[in-house]
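The following exercises concern strand pairing in a protein chain. Please examine the sequence and the structure before reading each solution.

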Amino acid sequence: MKTTRGLITLCVLAGLSALAQAQSVPKIKDGDKLAVDFSTYDTRGREVYVAKVDKIDSSVSMQEKTYTWTSPLSTTIYQRGTHTITDRAPPGGAMQEVPEKQRFSWFPAGGDFSKVQSGSVGIHNQRCGEGTFKYEAASAPVKFKISIAGQALELNGQEVTFKGKWTNTCGTGDQVIRYVYSPDLDYVVERDLKVFQPNAILSTGNNVKVTAVN
């Protein structure tokens, strides 16, 4: 009986310790510095591979209804709560609003990832003009590694993948967008994009992954 009680006590303490650790993870806040790996994809025929990885420093500023991510890649404004991009500026360029029909509202209502929805969104290509990305959606729980204030952690996340076809005056081709969202941080810690030509050869692709928060 003593052994059983001892095991129960240890299990309870372990559970409380894990809960305390989970609760101690702070959400991304105003002024946080984010270290990011930016990977660029290339192709050998139909084989897609990581051609280059750049380590970049970035920061987050919070507003009442939006937050802004500033990096050498861009300055991007997101809606709080839905993580939808509303405005974007290239390096050294002017901020431009994303047209309503091109805003990819991918985040599920109420944060219920069992209810991610398939659908379509408008797209724009400088050479091919306006078009549409029609997609099927799926989600799954994942774990990811990140450093927070110098401490290496493994956290739970939600991976959401959108697979479908883009269509415009240049034709149609496959496209895949994948997000990893952290409920603990209330932040998208990874975004992966692959766009394929009508002949199924990669047209463009990259990956943005947060590796550390300071």
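**Exercise 1.** How many bridges join E8 to strand E12 (residues 202-213), and do the two strands run parallel or antiparallel?

*Solution.* The model is predicted, so local features need pLDDT of at least 70 and side-chain atom pairs count only at pLDDT 80 or more, while totals for chains, interfaces and linings use all residues. Residues are numbered from 1 along each chain as its sequence is written, and side-chain values use heavy atoms, without hydrogens and water. Strands are DSSP runs of at least two residues, and helices are runs of H or I with at least four, both numbered from the N terminus. Two strands pair if DSSP finds at least two bridges between them. E8 and E12 are joined by 2 bridges and run parallel. Within this pairing, isoleucine 148 stands opposite valine 213 in E12.

**Exercise 2.** Describe how E8 pairs with strand E7 and with strand E9.

*Solution.* Step 1: E7 (residues 119-125) and E8 (residues 129-148) run antiparallel, joined by 7 bridges. Isoleucine 123 has glycine 131 in E8 as its bridge partner. The two strands form a hairpin with 3 residues between them.

Step 2: E8 also pairs with E9 (residues 151-168), in the antiparallel sense and over 17 bridges. Here phenylalanine 144 stands opposite leucine 155. This hairpin has 2 residues between its strands, and alanine 149 takes a positive phi near 55 degrees.

**Exercise 3.** What does the secondary structure of the protein chain come to?

*Solution.* The chain has 1 helix and 12 strands. Read from the N terminus, the order begins with the helix, and the strands follow.
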